[in-house]
Amino acid sequence: MTIGDYRKYVCVVCGYVYDEAEGDPEGGLPPGTRFEDIPDDWVCPECGASKADFELLEE
């Protein structure tokens, strides 16, 4: 993977899309935070689902 090649992950519960390029600043994840680097206790900002409830979004 090259630098800048960010992926997106979708919450299977509510459809929220986590974009690595954008991060989740309100949730403490700055832009550029890779999904694998997100703490396991992070939850979906929309519905509160766990990190395990996210799947890679194939575009």
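This report describes the nonpolar core of a predicted model and two buried loop residues, Leu29 and Glu20.

The model is predicted, so local features need pLDDT of at least 70 and side-chain atom pairs count only at pLDDT 80 or more, whereas totals for chains, interfaces and linings use all residues. Residues are numbered from 1 along each chain as its sequence is written, and side-chain values use heavy atoms, with hydrogens and water left out.

The largest nonpolar core comprises 11 residues, among them Tyr9, Tyr18, Leu29, Phe35, Ile38, Trp42 and Phe54. Such a core is a set of buried Ala, Val, Leu, Ile, Met, Phe, Trp, Tyr and Cys residues joined through side-chain atoms within 4.5 Å. Buried denotes under 20% relative accessible area, exposed over 50%, and partly exposed the range in between (1.4 Å probe, protein chains only).

Leu29 lies in the loop between β2 (17-19) and β3 (54-56), and Glu20 is found in the loop between β2 and β3. Strands (E, at least two residues) are DSSP runs numbered from the N terminus.

| Residue | Relative accessible area |
|---|---|
| Leu29 | 6% |
| Glu20 | 0% |

Contacts (heavy atoms within 4.5 Å) are given without residues up to four places away in sequence. Leu29 touches Tyr18, Gly23, Asp24, Ile38, Pro39 and Trp42. Phe35 touches Tyr9, Tyr18, Glu20, Lys51 and Phe54. The contacts of Glu20 include Tyr6, Arg7, Tyr9, Pro31 and Phe35. In addition, the side chain of Glu20 reaches the backbone nitrogen of Arg7 at 2.8 Å.

Key:
Helices (H or I, at least four residues) and strands (E, at least two) are DSSP runs, numbered from the N terminus. A polar contact is a pair of N or O atoms within 3.5 Å; within protein, one must be able to donate a hydrogen and the other to accept it, and residues adjacent in sequence count only if both atoms are side-chain atoms.
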